[in-house]
Amino acid sequence: MTQPILSLTDIHKAFGGVVAIDNFSLDLHPGEIVALVGDNGAGKSTLIKIVSGVHKPTTGSIRLDGEETSFSDASGAREAGIEVVYQDLALADQQPVYMNMFLGRELTKGPLGLLDKRKMMNDTQELVDELDVRIPSASATIRDLSGGQRQGIAIARATHWASKLILLDEPTAALGVAETARVEELVLSLRERNIAILIVSHSLDQVFRLSNRICVLRRGQQIGVRDTATTDKNEIIAMITGLQT
Amino acid sequence: MSPTAIFRKYELQNYVVYLGFIAIFLFFAVTLHDAGFTSTRNLTNILLQTAPATILAIGLVFALSAGEIDLSFGSAVAVSALSAAVVMQVLPMPLAILAGLGAGLAVGAFNGLLVAWLRLPSFLVTLATLGLFAGVARTMTNLRSIPVTNDFFTGVFGSGKLFGVPSLVWWTVIGVVIGHLVYRHTRFGAHVLATGDNARAAQVSGIKVPRVRFMVLTICGGCAGLAGLLYAGRLQSATYTLGESDLMIVIAAVIVGGTALNGGKGSIIGALIGSLLMGMLNNGLILMGLQVSDQMIVRGLIILVAVAASLRDTTR
Ligand SMILES: Nc1ncnc2c1ncn2[C@@H]1O[C@H](COP(=O)(O)OP(=O)(O)O)[C@@H](O)[C@H]1O
Ligand SMILES: [Mg+2]
């Protein structure tokens, strides 16, 4: 197997006295989708935030392409090629799609450093066409788009900037059936880009449709990791709840 | 498409200000023709009188777009004009210009520090500093007016001309062009809009949100400083009441010009048109021979209607 893009080893995270993550280890490989599942409060979002540089682990090591790293903040993780699609999307609603695609990383041109809107628009159009995110145009305003289109934009943005890893925290929680299906297709298509994907989802059906491996958390404990092809829902549910079914 | 969707799609609210401008212009042109509303002299006068308000409006577009507001310019203008006038009496004129601009910038930076890093609401902070600096303006010269007699200064900031164009018009044009460029065509402008639109999204995208908040309020202060210089230059004196009556007019100009009260959307050109509209209104009501109290009532009512028309869409 290839060298993992991301290696988490013995990650431990406590908030004051509350242990949110205890002894977590996981390797993510290029082209792989790993699902992170567990009940509310299991520590899924905390883990995402550790990988994306928002939280520092109390102890443990994070290696990126084999190299030990420590992110001082989210910008550090972003610069290292890790992108997050947040539950609440983090889109600026009244701005056009292309400005959201380049939010905080706007392209400029000329000696005055003026915005290169044309290039941002063209690049955005190219990307959404490539990923088949159907929107009226790159200059459409975000709030005129449907929930599925917005999630498509958020994922397209992550895809554009991520060179190593995309973290998805419940990407379809707010979507209808058809929109969920579109977003799932989109996520599957990202596999070809040779980046790793870590997805948090409450829908086991979705997890089984998308993932290569499933990692189960319960109250901060890593219960286990299974190959999706060789496990089934009953086993995963038993691992999540701690009860035999 | 629903009516609101159509309204939004074609950004009709952006045209309300232009339509209103033309309607009011035509109304005054017809009814006040004999009073000389359309005379070159009167129209030029409107342009000159609105210069400080337009400069203030540019600053306010930045503040509102970032989700903040500045009310303190109502007294920062006076502090700036007085600082320039006082310094000019004892020190070389260039230092007076620096003093005037510096006073405005200092007020803005003070607001900015409190808002950006202590996270106090800008409405309350600038309401407080509005009062605070109104007091400062009064104590600076014990309520006295200070004459401004330096010819170069009154030329550059007041009655002078360059290539046949009055200097106040130059300041308006320069302010609008630079303001528009920065607002629409720089990363900073984009960050201002993103911050006002969704501060969390801006922050997780790596935009330094506190810095943006600090900057927009400091820009407002700088605009108040320049407006103070323009008043001092045009009136050839400085007094503690300068800028007081601009508060309502400038806010109305900016809102009518298509800038959202709750951030994320705005227009510098719209603010210019809004400011000219307010100036025209002022002028027309005076030419109509209304008493000051009646002017205030009519102006208040018209602003209400104009603001209501331009806000139609933002409460989706
Ligand atoms: N910033 C924080 N401060 C204190 N406790 C936190 C913080 N974030 C999460 N926790 C705690 O850590 C645990 C895991 O939370 P979280 O990662 O949000 O779970 P999940 O996303 O799986 O529902 C919970 O007990 C939660 O209360
Ligand atoms: Mg969560």
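This report describes selected features of a predicted model, taking the ligand site, a stretch of chain A, the salt bridges and a surface patch in turn.

## The surroundings of ligand 1

Ligand 1 is surrounded by residues of chain A, namely A:Phe15, A:Ala20, A:Asp39, A:Asn40, A:Gly41, A:Ala42, A:Gly43, A:Lys44, A:Ser45 and A:Thr46. When these residues are sorted by class, the shell around ligand 1 consists of three nonpolar, five polar and two charged residues. Helix α1 of chain A, which runs over residues 44–51, supplies the largest share of this shell, with three residues.

Some of the pairs of atoms between protein and ligand can be described one by one, and both backbone and side-chain atoms take part in them. In the backbone of A:Gly41, an N or O atom lies 2.7 Å from an oxygen atom of ligand 1, while a polar backbone atom of A:Ala42 is 3.2 Å from an oxygen atom of the ligand. For A:Thr46, the atom concerned belongs to the side chain, where an N or O atom is 2.5 Å from an oxygen atom of ligand 1. Taken alone, ligand 1 exposes 560 Å², and the protein buries 59% of that area.

## Strand β12 and the loop that follows

Strand β12 of chain A covers residues 221–227, and a loop lies between this strand and helix α8, which covers residues 233–241. A:Val225 belongs to strand β12, and its relative accessible area of 31% makes this residue partly exposed. Although A:Val225 and A:Cys215 are 10 residues apart along the chain, their C-alpha atoms are separated by 4.3 Å.

Two threonines can be followed in the loop between β12 and α8, and the first to be described here is A:Thr228. Is A:Thr228 buried or exposed? With a relative accessibility of 9%, A:Thr228 counts as buried, because the cut-off for a buried residue is under 20%. A polar atom of the side chain of A:Thr228 lies 3.3 Å from the backbone nitrogen of A:Arg213. A:Thr231 is found in the loop between β12 and α8 as well, and at 11% relative accessibility A:Thr231 also counts as buried. The side chain of A:Thr231 makes a polar contact, at 2.4 Å, with the side chain of A:Glu235.

## Salt bridges in the two chains

Side chains of opposite charge can pair when their charged atoms come close. Over all chains, a search of the whole structure finds 15 salt bridges, and a few of them are described here. In chain A, A:Lys119 forms a salt bridge with A:Asp123, and the closest N and O atoms of this pair are 3.0 Å apart. Because the two residues are four residues apart in helix α4 of chain A, which runs over residues 117–131, A:Lys119 and A:Asp123 are separated by about one helical turn. A:Lys119 itself counts as partly exposed, at 40% relative accessibility.

In chain B, the side chains of B:Arg119 and B:Glu68 meet in a salt bridge, with an N to O distance of 3.9 Å. B:Arg119 lies in the loop between α5 and α6, and B:Glu68 in the loop between α3 and α4, so this pair ties together parts of chain B that are 51 residues apart in sequence. The two partners differ in their accessibility, since B:Arg119 is partly exposed at 44%, whereas B:Glu68 counts as buried at 6%. These two residues also belong to a network of salt bridges that links B:Glu68, B:Arg119 and B:Arg213.

Another salt bridge of chain B joins the side chains of B:Glu244 and B:Arg138, at 3.0 Å from N to O. Since B:Glu244 lies in the loop between β4 and α12 while B:Arg138 lies in helix α6, the pair ties together parts that are 106 residues apart in sequence. B:Glu244 is partly exposed, with a relative accessible area of 39%, and B:Arg138 counts as partly exposed at 29%.

## A nonpolar patch on chain B

Which residues make the nonpolar surface patch of about 380 Å²? The patch is made by B:Tyr15, B:Tyr18, B:Leu19 and B:Ile269. Helix α2 of chain B, covering residues 13–31, gives the most to this patch, with three residues. B:Tyr15 is found in helix α2, and this residue is partly exposed, with a relative accessible area of 45%. Because patches are made of residues with over 30% relative accessible area, the 45% of B:Tyr15 satisfies that cut-off.

Notes: Residues are numbered from 1 along each chain as its sequence is written. Chains are lettered from A and ligands numbered from 1 in the order in which they are written. This is a predicted model: local features need pLDDT of at least 70, side-chain atom pairs count only at pLDDT 80 or more; totals for chains, interfaces and linings use all residues. Side-chain values use heavy atoms; hydrogens and water are left out. Patches are made of residues with over 30% relative accessible area and no salt bridge: like charges are joined within 9 Å, nonpolar side chains (Val, Leu, Ile, Met, Phe, Trp, Tyr) within 5 Å. Accessible areas come from the Shrake-Rupley method with a 1.4 Å probe; for residues, only the protein chains shown count as cover. A salt bridge is a side-chain nitrogen of Lys or Arg within 4 Å of a carboxyl oxygen of Asp or Glu. Buried means under 20% relative accessible area, exposed over 50%, partly exposed in between (1.4 Å probe, protein chains only). A residue is near a molecule or strand if one of its heavy atoms lies within 4 Å of it. A polar contact is a pair of N or O atoms within 3.5 Å; within protein, one must be able to donate a hydrogen and the other to accept it, and residues adjacent in sequence count only if both atoms are side-chain atoms. Ala, Val, Leu, Ile, Met, Phe, Trp, Tyr, Cys and Pro count as nonpolar, Asp, Glu, Lys and Arg as charged, and the others, Gly among them, as polar.
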